[in-house]
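User: I am new to this structure. Please take a close look at its nonpolar core and at what lies around that part.

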Amino acid sequence: MTKQIKKKAPPAATPPETGEPALDQRTLQALVGYNCRRAYINIMPLFEKRMAKYELRPVDFSVLSLLKANPHINQKRLSVAVKVSPPNLAILLDKLQQRGLLLRERSPLDRRSQTLALTPAGLSMCGKAEKTAAELELDATAALTDDERAQLIRLLQKIYLN
């Protein structure tokens with residue numbers, strides 16, 4: 001059993017527009033989920049703004065990136081990886097297919113199932129979107145050093161990969 005050391009979270013800064021004392025958020029700031037959500041709230045507007053030129057939502061981007069890295073996976077494996085129900089994923093895939101970004105093909109191993117692969121247009125867009133995502137991540141985490149950013153990613157992955 002490991003001993004956990006409780007550290008006090010720093011109080012929020014005084015809001016400059018009111019001059020009033022900051023709210024005491026120490027209880028919330030000591031929660032991992034709260035801090036993840038607050039970071040997410042700061043990062044998502046950047047993502048949405050920069051991915052608008054590709055017309056990609058976070059889940060669309062995730063699907064394209066996974067298909068780029070794992071061509072010819074089936075819909076079930078993709079569904080598990082992105083944590084989207086199969087019916088909802090089917091709708092998402094239909095939209096990406098209509099945009100000419102992916103293909104559904106019969107599996108050579110099991111003719112009853114389909115595999116998914118990006119089209120050349122999908123590969124091109126995904127490469128550009130991944131570059132955009134990497135740049136926006138650096139901007140969104142500019143307060144962190146490279147080592148801190150890598151450590152944050154490792155720590156978050158320890159939570160959701162176990």
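Analyst: The core comes first, then one residue beside it, an aromatic pair and a pocket.

The model is predicted, so to read it note that local features need pLDDT of at least 70, side-chain atom pairs count only at pLDDT 80 or more, and totals for chains, interfaces and linings use all residues. Residues are numbered from 1 along each chain as its sequence is written, and side-chain values use heavy atoms, with hydrogens and water left out.

In soluble globular proteins, nonpolar side chains tend to be buried together. Here the largest nonpolar core holds 27 residues. Such a core is a set of buried Ala, Val, Leu, Ile, Met, Phe, Trp, Tyr and Cys residues joined through side-chain atoms within 4.5 Å; buried means under 20% relative accessible area, exposed over 50% and partly exposed in between, with a 1.4 Å probe and protein chains only. Met51, Val63, Leu64, Leu67, Leu78, Leu89 and Leu93 have the most contacts inside this core. At least two of its residues come from each of α2, α3, α4, α5 (86–98), β3 (114–118) and α6, and α6 gives the most, with five. Helices (H or I, at least four residues) and strands (E, at least two) are DSSP runs, numbered from the N terminus.

Leu64 touches Leu56, Leu96, Leu101, Leu118, Met125 and Cys126, leaving out residues up to four places away in sequence; contact means heavy atoms within 4.5 Å. Leu118 is also in contact with Leu123, as is Lys68, neighbours of Leu123 within four places in sequence being set aside. Leu123 sits in helix α6 (residues 120–140) and, at 42% relative accessibility, counts as partly exposed.

A search of the whole structure finds one aromatic pair. The ring centres of Phe47 and Phe61 are 5.9 Å apart and the planes stand at 70 degrees, so the pair is edge-to-face. Rings of Phe, Tyr and Trp (its six-membered ring) pair if their centres lie within 6.5 Å; planes under 30 degrees apart count as stacked, over 60 as edge-to-face and the rest as tilted. Phe47 belongs to helix α2 (residues 32–51) and Phe61 to helix α3 (residues 58–69), 14 residues apart. Both Phe47 and Phe61 are buried.

The lining of the largest pocket takes at least two residues from each of α2, α3, α4 (75–82), α6 and α7 (146–160). A pocket is an open set of points on a 1 Å grid over the protein atoms alone, where a 1.4 Å probe fits, with protein on both sides within 12 Å along at least five of seven lines; lining residues have an atom within 4 Å of a point. Of the 37 lining residues, Ile43, Glu137, Ile153, Leu156 and Tyr160 lie nearest the centre of the pocket.
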